Amino acid sequence: MEINLPPYDIKMREQGGKRQIFDFLRRKYVALTPEEWVRQHFVHFLINHKGYPQGLLANEVELKVGNKKLRCDTLLYNRVLQPQMIIEYKAPHVEITQQVFNQITVYNHLLHVDFLVISNGLQHFCCRMDYDHQSYAFLQEIPDYQLL
(Lines give C-alpha, C1' and ligand atoms only; values in the text may rest on other atoms or scores of the structure.)
Protein backbone atom coordinates (compact mmCIF):
# COMPACT_ATOMS: atom_id res chain seq x y z
CA MET A 1 0.00 0.00 0.00
CA GLU A 2 1.64 3.23 -1.16
CA ILE A 3 1.46 6.12 1.28
CA ASN A 4 3.18 9.46 1.78
CA LEU A 5 5.16 8.51 4.91
CA PRO A 6 8.73 7.24 5.40
CA PRO A 7 9.23 3.47 5.50
CA TYR A 8 10.30 1.69 8.68
CA ASP A 9 11.23 -1.85 9.72
CA ILE A 10 7.75 -3.38 9.75
CA LYS A 11 7.02 -6.51 11.79
CA MET A 12 4.17 -8.55 10.38
CA ARG A 13 2.86 -12.07 10.77
CA GLU A 14 -0.01 -14.23 9.68
CA GLN A 15 -2.25 -15.84 12.26
CA GLY A 16 -5.42 -17.78 11.56
CA GLY A 17 -5.17 -16.82 7.90
CA LYS A 18 -5.17 -13.11 8.73
CA ARG A 19 -2.28 -10.67 8.40
CA GLN A 20 -1.23 -8.74 11.48
CA ILE A 21 1.14 -5.83 12.07
CA PHE A 22 3.05 -5.20 15.29
CA ASP A 23 1.95 -2.11 17.20
CA PHE A 24 4.95 -1.28 19.33
CA LEU A 25 3.00 1.26 21.43
CA ARG A 26 0.46 -1.38 22.45
CA ARG A 27 3.20 -4.06 22.39
CA LYS A 28 1.10 -6.55 20.45
CA TYR A 29 0.14 -7.67 16.98
CA VAL A 30 -3.10 -6.20 15.64
CA ALA A 31 -5.17 -6.82 12.51
CA LEU A 32 -3.57 -5.30 9.43
CA THR A 33 -6.19 -2.97 8.00
CA PRO A 34 -5.51 -0.05 5.66
CA GLU A 35 -6.14 2.35 8.57
CA GLU A 36 -3.74 0.41 10.81
CA TRP A 37 -1.08 0.55 8.07
CA VAL A 38 -1.39 4.36 8.13
CA ARG A 39 -1.34 4.47 11.96
CA GLN A 40 1.82 2.43 12.31
CA HIS A 41 3.67 4.43 9.67
CA PHE A 42 2.50 7.74 11.14
CA VAL A 43 3.51 6.86 14.71
CA HIS A 44 6.97 5.78 13.50
CA PHE A 45 7.20 9.03 11.50
CA LEU A 46 6.40 11.08 14.62
CA ILE A 47 8.98 9.25 16.75
CA ASN A 48 11.79 8.74 14.22
CA HIS A 49 11.49 11.91 12.14
CA LYS A 50 9.74 14.47 14.36
CA GLY A 51 11.26 13.62 17.76
CA TYR A 52 8.05 12.68 19.58
CA PRO A 53 8.74 10.66 22.76
CA GLN A 54 7.40 7.12 22.41
CA GLY A 55 6.36 7.09 26.07
CA LEU A 56 3.98 10.01 25.56
CA LEU A 57 2.05 8.42 22.67
CA ALA A 58 -0.86 5.99 23.08
CA ASN A 59 -2.96 4.15 20.49
CA GLU A 60 -6.68 3.36 20.74
CA VAL A 61 -7.43 5.51 23.78
CA GLU A 62 -10.97 5.02 25.07
CA LEU A 63 -13.12 8.03 25.89
CA LYS A 64 -16.53 7.92 27.54
CA VAL A 65 -19.43 10.25 26.84
CA GLY A 66 -22.23 9.14 29.13
CA ASN A 67 -22.84 5.51 28.16
CA LYS A 68 -21.17 5.93 24.79
CA LYS A 69 -17.57 4.80 24.28
CA LEU A 70 -15.34 6.48 21.70
CA ARG A 71 -11.78 5.64 20.70
CA CYS A 72 -9.08 8.13 19.75
CA ASP A 73 -6.74 6.57 17.21
CA THR A 74 -3.63 8.10 18.83
CA LEU A 75 -3.09 10.60 21.62
CA LEU A 76 0.05 12.54 22.43
CA TYR A 77 0.35 13.53 26.08
CA ASN A 78 2.45 16.37 27.44
CA ARG A 79 5.05 15.89 30.20
CA VAL A 80 2.39 16.11 32.93
CA LEU A 81 0.30 13.50 31.08
CA GLN A 82 -2.44 15.82 29.85
CA PRO A 83 -3.64 15.17 26.29
CA GLN A 84 -1.89 17.54 23.89
CA MET A 85 -2.64 16.18 20.40
CA ILE A 86 -5.36 13.98 18.92
CA ILE A 87 -4.41 12.06 15.78
CA GLU A 88 -7.11 10.48 13.62
CA TYR A 89 -6.32 8.05 10.80
CA LYS A 90 -8.23 7.00 7.74
CA ALA A 91 -7.41 4.41 5.10
CA PRO A 92 -5.56 5.81 2.05
CA HIS A 93 -8.65 5.44 -0.15
CA VAL A 94 -10.80 7.46 2.30
CA GLU A 95 -11.07 11.12 1.40
CA ILE A 96 -10.54 13.56 4.26
CA THR A 97 -13.80 15.50 4.41
CA GLN A 98 -15.60 17.82 6.80
CA GLN A 99 -17.17 14.71 8.35
CA VAL A 100 -13.71 13.48 9.38
CA PHE A 101 -12.96 16.85 10.96
CA ASN A 102 -16.32 16.71 12.75
CA GLN A 103 -15.34 13.33 14.21
CA ILE A 104 -12.07 14.59 15.69
CA THR A 105 -13.87 17.69 16.98
CA VAL A 106 -16.18 15.47 19.06
CA TYR A 107 -13.10 13.96 20.72
CA ASN A 108 -11.66 17.40 21.31
CA HIS A 109 -14.79 18.61 23.12
CA LEU A 110 -13.77 16.11 25.80
CA LEU A 111 -9.99 16.62 25.73
CA HIS A 112 -9.33 20.28 24.75
CA VAL A 113 -5.95 19.56 23.14
CA ASP A 114 -3.62 22.04 21.48
CA PHE A 115 -3.33 20.17 18.17
CA LEU A 116 -5.60 18.10 15.92
CA VAL A 117 -4.04 15.89 13.24
CA ILE A 118 -5.74 13.87 10.51
CA SER A 119 -3.97 11.59 8.04
CA ASN A 120 -5.01 9.06 5.43
CA GLY A 121 -1.37 8.29 4.72
CA LEU A 122 -1.42 10.43 1.59
CA GLN A 123 -2.55 13.76 3.02
CA HIS A 124 -1.79 15.03 6.51
CA PHE A 125 -3.57 17.95 8.17
CA CYS A 126 -2.57 19.58 11.43
CA CYS A 127 -4.31 22.47 13.11
CA ARG A 128 -3.42 24.37 16.23
CA MET A 129 -6.32 25.26 18.47
CA ASP A 130 -6.74 28.78 19.86
CA TYR A 131 -9.32 28.56 22.62
CA ASP A 132 -8.95 32.22 23.64
CA HIS A 133 -10.19 33.31 20.19
CA GLN A 134 -12.36 30.23 19.58
CA SER A 135 -10.49 29.48 16.37
CA TYR A 136 -7.86 27.25 14.84
CA ALA A 137 -5.09 27.59 12.28
CA PHE A 138 -3.88 24.96 9.85
CA LEU A 139 -0.12 24.44 9.94
CA GLN A 140 2.01 23.85 6.85
CA GLU A 141 3.38 20.60 8.27
CA ILE A 142 3.33 18.36 11.31
CA PRO A 143 5.47 20.23 13.85
CA ASP A 144 8.61 18.75 15.38
CA TYR A 145 8.05 17.80 19.01
CA GLN A 146 10.32 20.51 20.42
CA LEU A 147 8.18 23.15 18.63
CA LEU A 148 4.92 22.15 20.32
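**Exercise 1. With which residue does Lys 90 form a salt bridge, and how far apart are the closest N and O atoms?**

Solution. This is a predicted model, in which local features need pLDDT of at least 70 and side-chain atom pairs count only at pLDDT 80 or more, while totals for chains, interfaces and linings use all residues. Residues are numbered from 1 along each chain as its sequence is written, and side-chain values use heavy atoms, with hydrogens and water left out.

Step 1: apply the rule that a salt bridge is a side-chain nitrogen of Lys or Arg within 4 Å of a carboxyl oxygen of Asp or Glu. The partner of Lys 90 is Glu 88, with the closest N and O atoms 3.5 Å apart.

Step 2: look up accessibility, where buried means under 20% relative accessible area, exposed over 50%, and partly exposed in between, with a 1.4 Å probe and protein chains only. Lys 90 counts as buried at 14%, and Glu 88 counts as buried at 2%.

**Exercise 2. Find what surrounds Ser 119.**

Solution. Step 1: place the residue. Ser 119 is found in strand E7 (strands are DSSP runs of E, at least two residues, and helices are runs of H or I, at least four, numbered from the N terminus), and Ser 119 is buried, with a relative accessible area of 0%.

Step 2: list its contacts, meaning heavy atoms within 4.5 Å. Leaving aside residues up to four places away in sequence, Ser 119 touches, among others, Glu 88, Lys 90 and His 124.

Step 3: check for a polar contact, a pair of N or O atoms within 3.5 Å, where within protein one must be able to donate a hydrogen and the other to accept it, and residues adjacent in sequence count only if both atoms are side-chain atoms. The side chains of Ser 119 and His 124 make such a contact at 2.7 Å.

**Exercise 3. Trace how the salt bridge between Glu 36 and Arg 26 fits into a network.**

Solution. Step 1: the side chains of Glu 36 and Arg 26 meet at 3.2 Å, N to O. Because Glu 36 lies in helix H1 and Arg 26 in the loop between strand E2 (18-23) and strand E3 (28-31), the pair ties together parts that are ten residues apart in sequence.

Step 2: compare exposure. Glu 36 is buried at 5% relative accessibility, whereas Arg 26, at 24%, is partly exposed.

Step 3: follow the shared partners. Salt bridges join Asp 23, Arg 26, Glu 36, Arg 39, Glu 60, Glu 62 and Arg 71 into one network.
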